[in-house]
Amino acid sequence: MAKDRPYYPNSPIASLDVLAKCLGVSPKVMLDLAKRSSDSYTQFTISSKGKDRVVYEPKFNLKKIQKRINSRIFDFVEFPPYLQGGIKDPGVPRDYVQNSKLHAGSSVLVALDIRNFYDNIKYESVYDVFLYFFKFTPQVSSVLTDLVTLKGKVPQGACTSSYIANLVFHNNEYSLVSYFRSRGISYSRLLDDVTLSSTKELSPAEIEEAISKVSSMFKKHKLRIHPKKKKIELASDSRSDYKVTGVWVGHGVPKLRRKERDYIRQLVHVCELEYKKDPTADSYHELWNRASAQVAKMTRLDHCQADALRKRMGKLLPLYSPAKRKQVIIKAKTLLSRDPAESKELGFIKLYNKTFHSLGILSRTDKPTSRFYKSALENKFSVKPISEFWES
């Protein structure tokens, strides 16, 4: 049974020794990492939707302990259904599609975005999550906060950040959701994207009141609504996008509009044309991957055309040129020359998986060679999944 607010079922961690034991490290290593955490990130910039975004990648040792914070603390939290982003839920996937289902068939949509969300979640708010939500001791809460923050804020790129984002409003978000529910308004949040909807018509005054209440919750944590990303739409307005996290919800179930389906069909058609020209070109590999991702979106939304498009894509698989075939074989031979003891290292595991993927593509044109090197790699090395590596 889903709870109305996040719930942590385990006993609070009462001492640093218990915390260190929980995370599988010595107290000294844990405290050293906490003290040096701000020097344990690599900063880089990525482009997303035409804008540059700064991301912080934790270095090896910090990332390993953050992974354990996730699996040994955060993963035990039971999250209510109005929280939809960055949550492992074996029962119902929490993602952009499931988020859109909560608002499908509504009459009015309000979309709000939290401005610079991660950068503005400050140290004090994170500390409060560990102290008041998990009920850990102040000392334990302080060390955990040091381990998951960077220079007093939540770093975008750390694997712990989405969990913190989901818990930062733990003390008041549930009451806001309950208030909205009593007035026939549905609320959901996918990290920094908040959506309100209603199957009944809402007056401008009711809409502004709802926005004001969400804004007040943000302000308690010194967060603000992004004014340029606030959208109010009516289902009756044919000019509106009427989308929730990128998915059209104008009917009872989330779907892609005709122009989006036409675009995906066109992508598949272009793949068919380019496949005839050169299925080994790097540009074709990129085109196929882009089209495949769009077809996967149709599949996730249960569109009737998805299966037929996937079958067409299955006949257009990218191939390797003779030159690329030689490169893959050289990589496999180089890997086979490595010492089996290296197979426990993260860099080796990543290279092994990448080579195995390349051999899979090679099997489309040269199954005997692909099978030979796959078998040789499996016989020489015992490589565990990345998830198990972080848990060791």
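Does Asn 172, at 14% relative accessibility, count as buried or exposed? In this predicted model, Asn 172 lies in the loop between helix H7 (161–167) and H8, and at that accessibility Asn 172 counts as buried, because the cut-off for a buried residue is a relative accessible area under 20%. When neighbours within four places in sequence are left aside, the residues in contact with Asn 172 are Met 217, Lys 220 and His 221.

The chain as a whole gives the setting for this loop. The protein chain has 392 residues, of which 42% count as buried, and its secondary structure consists of 16 helices and eight strands. The C-alpha trace spans about 65 × 60 × 40 Å along its principal axes. Among the contacts in the chain with a separation of 6 or more, 71% are between residues 24 or more positions apart.

The helix that follows Asn 172 can be taken next. Two packed helices are described by the angle between their axes and the distance between the axes. For helix H8 (residues 173–182) and helix H9 (residues 204–219), the angle is about 170° and the axes are 11 Å apart; H8 and H9 are therefore roughly antiparallel to each other. On the H8 side, the contact is made by Glu 173, Leu 176, Tyr 179 and Phe 180, and these meet Glu 209, Ala 210, Lys 213, Val 214 and Met 217 in H9. Sorted by character, the residues of this contact comprise six nonpolar and three charged, with no polar residue.

The nonpolar interior also involves H9. The largest nonpolar core has 66 residues, and within it Leu 19, Phe 134, Leu 147 and Tyr 187 touch the most other members; the largest share of this core, six residues, comes from H9. Tyr 187 shows how such a residue is surrounded: leaving aside its neighbours within four places in sequence, Tyr 187 is in contact with Glu 173, Leu 176, Val 177 and Phe 180, with Val 214 and Met 217, and also with Tyr 82, His 103, Val 194, Thr 195 and Leu 196. A second, separate core has 18 residues, including Val 247, Leu 256, Tyr 284 and Ala 291.

Ahead of H8 in the sequence come further helices. In helix H5 (residues 123–133), the buried residues are Ser 125, Val 126, Val 129, Phe 130, Leu 131 and Phe 133, and they pack against helix H6 (138–148) and H7. Within helix H7 lies Ala 165, which is buried, with a relative accessible area of 0%. Not counting residues up to four places away in sequence, Ala 165 touches Phe 117, Tyr 118, Ile 121, Arg 189 and Leu 191.

Helix H12 (residues 306–314) offers a clear case of two-sidedness. Its residues Ala 306, Leu 309 and Met 313 are buried, and, seen down the axis of H12, the buried residues fall within an arc of 70°, so they line one face of the helix. The general background is that an α-helix has 3.6 residues a turn, so residues three or four places apart point the same way. On the other side of H12, Asp 307 and Lys 311 are exposed, while the cover over the buried residues of H12 includes helix H10 (258–277) and helix H11 (282–300).

Finally, some backbone angles deserve attention. Most residues other than glycine have a negative phi. Just after H5, however, Lys 135 takes a positive phi of about 65°. Lys 151, which is not a glycine, has a positive phi of about 50°; Lys 151 lies in the loop between H6 and H7 and, at 68% relative accessibility, counts as exposed. Thr 245 likewise has a positive phi, near 40°, and is placed in the loop between strand S7 (243–244) and S8, where its 24% relative accessibility makes it count as partly exposed.

Beyond strand S8 (247–248), in the loop that leads to H10, is Val 253, which counts as partly exposed at 47% relative accessibility. Val 253 touches Ala 104 and Trp 248, not counting residues up to four places away in sequence. From Pro 138, Val 253 is 115 residues apart in sequence and 46 Å apart in space, C-alpha to C-alpha.

How values were computed: Residues are numbered from 1 along each chain as its sequence is written. This is a predicted model: local features need pLDDT of at least 70, side-chain atom pairs count only at pLDDT 80 or more; totals for chains, interfaces and linings use all residues. Side-chain values use heavy atoms; hydrogens and water are left out. Axes are lines fitted to C-alpha atoms, for helices over the stretch in contact, and angles run from 0 to 180 degrees between N-to-C directions. Helices (H or I, at least four residues) and strands (E, at least two) are DSSP runs, numbered from the N terminus. Angles under 35 degrees count as roughly parallel, over 145 as roughly antiparallel, 65 to 115 as roughly perpendicular and the rest as oblique. Contact means heavy atoms within 4.5 Å. Ala, Val, Leu, Ile, Met, Phe, Trp, Tyr, Cys and Pro count as nonpolar, Asp, Glu, Lys and Arg as charged, and the others, Gly among them, as polar. Buried means under 20% relative accessible area, exposed over 50%, partly exposed in between (1.4 Å probe, protein chains only). The arc is that of the directions from the helix axis to the C-beta atoms. A nonpolar core is a set of buried Ala, Val, Leu, Ile, Met, Phe, Trp, Tyr and Cys residues joined through side-chain atoms within 4.5 Å.
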